[in-house]
Amino acid sequence: MKRSIGDRIFDTANIIVLGIIAIITLFPLYYVFVVSFTDPAEYIQKQGYILFPEKWTLDSYKYLLSTSAFQSATMISGFLATVGTALSLVITAALAYGLSRKRLQGRRLIMLLILITLLFSPGLIPPYLLVRDLGLINSIWSLILPVLTSGWYVILMKSFFDSIPVELEESAIIDGSTDIGVFFRIVLPLSLPALAAFGLFYAVAYWNTFFSAVLYINDHAKWPLQLVLRNMLIDSSTQAGGSAAAEMMAEQNIPTETLKMAAVVIATLPILCVYPFLQKHFAKGVMLGSVKG
Amino acid sequence: MAAQSELYVGSLAKTAPQSRWKHVMHGLRRDKFLYLLIAPGVLFFLIFKYVPMWGVVIAFQDYSPYLGVTGSQWVGFDHFIRFFSNQDFYLLFRNTMAISLLSLVFFFPLPILLSLLLNELRNAIYKKWIQSIVYMPHFLSWVIIAGITFLLLSQSSGIVNKMLVSLGAAKYDFLTNQNNFWIMLTVQNVWKEAGWGTIIFLAAIAGVDPQQYEAAKMDGANRIRQAWHVTLPAIRSVIVVLFILRLGHIMDVGFEQVFLMMNGAVSNVADVFETYVYRLGIQQGQFSFSTAVGLFKSVVGFILVIAANKLAKRFGEEGVY
């Protein structure tokens, strides 16, 4: 069937509208990216009107990465994103797998216990007191242990494992494997797409750890990246006089703006790097997850 | 219980009826490795989810860290009464509702509209690109988004204000202005999550029977009318269910977002239950009072979520939990 004129107008308009939406989404990030590579003198001279710098420079990055605050914060966030994600994935998957095996006694009770945690939250203070009583204040484990898994992910993964046929493990058990062996050698390798999706969500959550660090980490030397970033980006621009971070930057010849934007780019980069590789997986993972609204 | 256990390699399931206790013990022994596998996860829920649930009792005490939960004095509903008779309560409630309702009115419809537009794109590669771009902000932290907002909008150095000045307009105070605070939060939310929100609607649209479009075309419907008369009705139940579920979370506004965007000048319109609990509990050490505030919010949230889910089940049939 030939496309009518109305159809073609509609298609063109649609392409343009969505293009504009994409530009609106992308532009702030693009601007931050470009300015972070701009020569400080050029930034001052052009008053920030930069769509493409005349001279690309890594000065802001070199300076940022040479500060010990930024180095240790990046290490801490990196540790959270790798170790935390690995632990979370294994524990979530193991629990979900066990609960997906229908012969397991008590699974209904455990599922109910998990469901209740989704409906009722004890708020902010009781968990804080728990972490404090466990002696985890100022420990990196306070950023991992309380968020090791979540009821949503357990339930979602369980529904994924429900589809793995029970015959598969039975044959492995006949061959002399234990349930633990079956889990690590058969179930996990079979579940790589699901693990990739959930791993991405966990890794992003750990990399973006902010509020629990506000609560539990008082020692500035142990701050993860998002907290250092908050101090650089936000405190200094609302409060007259500025924070220590801003003063530190003012001593250098680099304008605080290009430094700040470089910091944003560094904190965004790991996410943008894994994003294209995992994108094909996450739609599947979310399809179950987005129901939570 | 007995009905659940299935034939299993090496099991004794076929033996004559046994006592319940024996049956349980048998199951425990048979599945010991399975229990070992779930033990860390179960322990996590017990320690980090259930111990704090028991911890809310301090809302009914004058909790002192030195005396602990067992030693502190019980005061009944004193903290709740103090909170409800306080002017703060009204402000917190108003701000929470305002922020939530704005997002319901302006944010909720956008992913639906966006997925209708995306669905009409003919060029698959272009569609993939647009999708990848609009999903992306979802993965950025609120610190990054708040930070970019400050970089763009700050009065002294933000590029938007520089533009306003060079256009001959006056600088506008975006960040410390009570009048636009709620709107700013809504815009941030739209930018971050609207694209991500399309995933579920696109999946629902993908399930629409193509024959319906053919029939609509035969009846002379153009593309806009097809979207209106075929696509939208087809995904109506998904929309209704998500809307109801959203209502269930109307007391929850993004904690980190408000916390990061808040400053002295806007605290009157920015303070919500969560930030209040943080300030009074963590910063000022009023553990019992702020636990009571948190408990109030949790109980209301619990009732809303249960009610919303019941309602959603009625509309969506499948239900959510």
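Is B:D31 buried or exposed? At 0% relative accessibility, B:D31 counts as buried. The structure is a predicted model, and this residue offers a way into the contact between its two chains.

B:D31 takes part in a salt bridge with A:R103, with a nitrogen-to-oxygen distance of 2.6 Å. A:R103 belongs to the loop between α4 and α5 of chain A, whereas B:D31 belongs to the loop between α1 (20-30) and α2 (32-55) of chain B, so the pair joins two chains. Salt bridges with shared partners link these two residues with A:R101, A:E169, A:D179 and B:R30 in one network.

Within that network, A:R103 also forms a salt bridge with A:E169, and here the closest N and O atoms are 3.8 Å apart. A:E169 sits in helix α8 (residues 166-174) of chain A, while A:R103 is in the loop between α4 (68-100) and α5 (107-119), so this pair ties together parts that are 66 residues apart in sequence. Both partners fall under the 20% cut-off for a buried residue: A:R103 has a relative accessibility of 5%, and A:E169 has a relative accessible area of 3%.

The discussion now turns to the interface as a whole. On the side of chain A, 104 residues are in contact with 96 residues of chain B. The size of an interface is often given as the accessible area lost when the parts come together. For chain A and chain B the area buried between them is about 9400 Å², and carbon and sulfur atoms account for 77% of it. Between the two chains there are five salt bridges. One salt bridge pairs A:D7 with B:R122, whose closest N and O atoms are 4.0 Å apart. Polar contacts across the interface amount to 21 residue pairs, with both residues at pLDDT 80 or more. On the side of chain A that touches chain B, helix α1 (residues 5-36) of chain A gives the most, with 17 residues. That side of chain A comprises 66 nonpolar, 23 polar and 15 charged residues.

Over all chains, the structure holds 19 salt bridges. Among them is the pair A:E42 and A:K46, with closest N and O atoms 3.1 Å apart. The partners differ in exposure: A:E42 is buried at 6% relative accessibility, whereas A:K46 is partly exposed at 23%.

In chain B, helix α5 (residues 87-107) has 21 residues and should span 30 Å at 1.5 Å a residue; the end C-alpha atoms are 30 Å apart, which agrees. The N-terminal end of this helix is capped by B:N86, which places a side-chain oxygen 2.8 Å from the backbone nitrogen of B:D88. The buried residues of α5(B) include B:F89, B:L91, B:L92, B:N95, B:T96 and B:F107.

Finally, two loop residues of chain A deserve attention for their backbone angles. Most residues other than glycine have a negative phi. A:Q47, however, has a positive phi near 55°. This residue lies in the loop between α2 (40-45) and α3 (59-66) of chain A and is partly exposed, with a relative accessible area of 47%. A:N138, which is not a glycine, likewise has a positive phi, of about 70°. The loop between α6 (125-133) and α7 (151-161) of chain A holds A:N138, and its relative accessibility of 22% makes it partly exposed.

Terms used
Residues numbered from 1 in each chain as written. Chains lettered and ligands numbered in written order. Heavy atoms only, no water. Contact = heavy atoms within 4.5 Å. Buried area = accessible area lost by both parts, 1.4 Å probe. Salt bridge = Lys/Arg side-chain N within 4 Å of Asp/Glu carboxyl O. Polar contact = N/O pair within 3.5 Å; in protein donor to acceptor, adjacent residues only side chain to side chain. Helix = DSSP H or I, 4+ residues; strand = E, 2+ residues; numbered from the N terminus. Nonpolar A, V, L, I, M, F, W, Y, C, P; charged D, E, K, R; others polar. Expected span 1.5 Å × (residues − 1). Buried < 20%, exposed > 50% of the residue type's maximum accessible area, 1.4 Å probe, protein only.
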